[in-house]
Amino acid sequence: MFDRHREIVNSIEGLDDMEKEFLYSALNLHGHICGGMPMGYVAGLAALKALSCEREKNMDKFVIINVGDKHAAGCFADGVQFATGCTFGKGVMKKEAKGKWTFMLVDKVNEKAVKVKIKPELLKKAFSAPFITEYRIKGVKPTDVPAEVAEPAFKRPFALKLEDIVDVEGPFEFKVSKGKSCFNIQVCETCGDAIAENYARIVDGKIVCLDCFPY
């Protein structure tokens, strides 16, 4: 599997070595070959380019993404995460479920942001392609879609110009409220779970977690 993923990624033109490495990692983590994840990856690269910034390594940027659930957009979100480096795990990606293939990338340090959306005409083409119409819509799992259908779908976004894939609004000013991160740990006196101090509550003089908080 990994060798085939490497072959697919290396066959894509227009990406530098670092972008290929992250795309390869994204494909391995994502788990299947499709057109949605690379579409998000390309959109993420477009956002970075529009903000004139690099992929996030710390927590100096964040993404608000507007995908929802059960509408074939989770793959898109994975691509945006890997391209931008703004991940749910780091707490720098937030989902505002609107059922859209859109997101905003915010540079907290410079207080600038861009909005990115996939062009509707491109989405219509993607959803009328065999990957969807002949397989996914009929309940076929992504990993069971034949390679001759899945791999062209994966490569397609990289064969297009950015302006044919996304519309970008910005950069524009975006004020960011600043707060501190919590590095203190408490232990719930009811269930015994370790919790971050900023999520602890006091009930009758006892430290409790949200699961044990009665109100």
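Here is a chat between a colleague and a modeller about a predicted model.

Colleague: Let's start with the sheet. In what order do the five strands of the open sheet come?
Modeller: The pairing is mixed, and the twist averages 15° from one strand to the next. At the edges sit β2 (93-95) and β5 (166-173), each pairing on one side only. Reading across the open sheet, the order is β2-β1-β3-β4-β5.

Colleague: How many bridges join β1 to β3?
Modeller: Strand β1 covers residues 61-65 and strand β3 covers residues 102-107, and they run antiparallel. Within that pairing, Phe62 stands opposite Val106, while Val63 has Leu105 as its bridge partner. The number of bridges joining β1 to β3 is five.

Colleague: And on to β4: which residue there stands opposite Thr102?
Modeller: β3 and β4 run antiparallel too, with six bridges joining them. Opposite Thr102, in β4, you'll find Lys117.

Colleague: Which residue takes a positive phi in the hairpin of β3 and β4?
Modeller: That hairpin has four residues between the strands. The phi in question is near 55°, and the residue that takes it is Glu111.

Colleague: How many of the residues of β3 are buried?
Modeller: Try going by side-chain direction: Thr102, Met104 and Val106 point one way, and Phe103, Leu105 and Asp107 point the other way. Both sets are buried. That leaves β3 mostly covered, and the buried count is six of six.

Colleague: Which helix lies across β1, β2, β3 and β4?
Modeller: The helix spans residues 74-84 and runs at about 170° to β1. Its name is α4.

Colleague: Now the helix packing. At what angle do α2 and α3 cross?
Modeller: Two packed helices are described by the angle between their axes and the distance between the axes. Here α2 (residues 17-30) and α3 (residues 36-51) have axes that come within 11 Å. The crossing is right-handed, and the angle is roughly 145°.

Colleague: Which residues of α3 make that contact with α2?
Modeller: On the α2 side the contact uses Glu19, Phe22, Leu23, Ala26, Leu27 and His30. Taken together, the residues of the α2 and α3 contact divide into seven nonpolar, one polar and one charged. The α3 side supplies Met37, Tyr41 and Leu45.

Colleague: What about α2 and α4: which residues of α4 does α2 meet?
Modeller: The axes of α2 and α4 come within 10 Å and cross at roughly 145°, again with α2 passing in a right-handed crossing. From α2 come Phe22, Ser25, Ala26, Leu29 and His30, and the contact as a whole divides into five nonpolar, two polar and one charged. The α4 residues they meet are Cys75, Asp78 and Phe82.

Colleague: On to the rings. Is the pair of Phe62 and Phe174 stacked or edge-to-face?
Modeller: A pair of aromatic rings is described by the distance of the centres and the angle of the planes. For Phe62 and Phe174 the centres are 6.2 Å apart and the planes are at 70°. Planes over 60 degrees apart put a pair in one class, so this one is edge-to-face.

Colleague: How many residues apart are Phe62 and Phe174?
Modeller: Phe62 belongs to strand β1, whereas Phe174 lies in the loop between β5 and β6 (185-187). Phe62 is buried, as its relative accessible area is 17%, and Phe174 at 22% is partly exposed. The pair links distant parts of the chain, and the separation is 112 residues.

Colleague: Is Tyr215, the ring that pairs with Phe213, buried or exposed?
Modeller: The rings of Phe213 and Tyr215 have centres 5.6 Å apart and planes at 75°, so that pair is edge-to-face. Phe213 counts as partly exposed at 27% relative accessibility. Tyr215 has a relative accessible area of 73%, and the cut-off is over 50%, so Tyr215 is exposed.

Colleague: Last one: how far apart in space are Asn198 and Phe183, C-alpha to C-alpha?
Modeller: Asn198 is found in the loop between β7 (194-196) and β8 (201-203), and at 46% relative accessibility Asn198 counts as partly exposed. In sequence, Asn198 and Phe183 are 15 residues apart. In space, C-alpha to C-alpha, the distance is 9.0 Å.

Methods: Residues numbered from 1 in each chain as written. Predicted model: local features only at pLDDT ≥ 70, side-chain atom pairs only at ≥ 80, totals over all residues. Heavy atoms only, no water. Pairing = 2+ DSSP bridges. Helix = DSSP H or I, 4+ residues; strand = E, 2+ residues; numbered from the N terminus. Axes fitted to C-alpha atoms, helices over the stretch in contact; angles between N-to-C directions. Contact = heavy atoms within 4.5 Å. Left-handed = near helix turned anticlockwise from the far one by under 90°. Nonpolar A, V, L, I, M, F, W, Y, C, P; charged D, E, K, R; others polar. Phe/Tyr/Trp six-rings, centres within 6.5 Å; stacked < 30°, edge-to-face > 60°. Buried < 20%, exposed > 50% of the residue type's maximum accessible area, 1.4 Å probe, protein only.
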